[in-house]
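Hi,

Here's the structure I promised to pass along. Have a look, and my notes follow underneath.

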Amino acid sequence: MSTQTNTQPQDIIFEQCLAGRLRLLNRVVTNMYDEALRPLGMKTSQLNILVAAAKQGLARPADICERLHLDTSTLSRNVERMKTKGWLEVVGDVDGRAQPFRLTTKGRKLLERAKPGWDEAQKKVKKLLGNDTVKTIVKAVVGLQTSKVK
């Protein structure tokens, strides 16, 4: 009995492409977090920006883009929506182009209200992926952060 190997480009890419597999995993995991955050009217992408802004205090867009690996237009679009909802406020800066921002009181309270839903989603994702995979992901992200890969 011979084992036939797929040599067509679509078969090889379908079976081996890490980017495709990671994107699929990302969609599944993001949907789990988005479902938990939906009652608060927010998405995982917005939560990540709120957390980064909370960590920095006064968040500079370039720093947030670098930290979260976002392009400036994606960050700008999200910040604008979050300003409209009262979660973030833009702070005046000497350089008018920078547009630093920070959490509002409403944004800080939202983060506190998001924590239980986040906890539940985190538990589900860890169960889905298993401890070894979670450890591997954490290690990979630490490697990305220390190597400044773009």
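Start with helices H3 and H4, bearing in mind that this is a predicted model. H3 covers residues 44–56 and H4 covers residues 61–68; their axes are 11 Å apart, and the two helices pack at an angle of about 120°. That angle makes H3 oblique to H4, since it is neither in the 65 to 115 range that counts as roughly perpendicular nor over 145, where roughly antiparallel begins. The crossing of H3 past H4 is right-handed.

Who touches whom? On the H3 side you'll find Asn 48, Ile 49, Ala 52, Ala 53, Lys 55 and Gln 56, and they meet Asp 63, Ile 64, Arg 67 and Leu 68 of H4. Sorted by class, that contact has 5 nonpolar, 3 charged and 2 polar residues.

While you're on H3, click on Gln 46, which also sits in that helix. Is Gln 46 buried or exposed? Its relative accessible area is 6%, so Gln 46 is buried, the cut-off being under 20%. Not counting neighbours within four places in sequence, Gln 46 is in contact with Gly 41, Asn 78, Arg 81, Met 82, Lys 85 and Trp 87.

Now the cysteines. How many disulfides does the structure hold? The count is 0. As a reminder, a disulfide is a covalent bond joining the sulfur atoms of two cysteines. Cys 65 is buried because its relative accessibility is 8%, whereas Cys 17, with a relative accessible area of 28%, is partly exposed.

Cheers

How values were computed
Residues numbered from 1 in each chain as written. Predicted model: local features only at pLDDT ≥ 70, side-chain atom pairs only at ≥ 80, totals over all residues. Heavy atoms only, no water. Axes fitted to C-alpha atoms, helices over the stretch in contact; angles between N-to-C directions. Helix = DSSP H or I, 4+ residues; strand = E, 2+ residues; numbered from the N terminus. Parallel < 35°, antiparallel > 145°, perpendicular 65-115°, else oblique. Left-handed = near helix turned anticlockwise from the far one by under 90°. Contact = heavy atoms within 4.5 Å. Nonpolar A, V, L, I, M, F, W, Y, C, P; charged D, E, K, R; others polar. Buried < 20%, exposed > 50% of the residue type's maximum accessible area, 1.4 Å probe, protein only. Disulfide = S-S within 2.5 Å.
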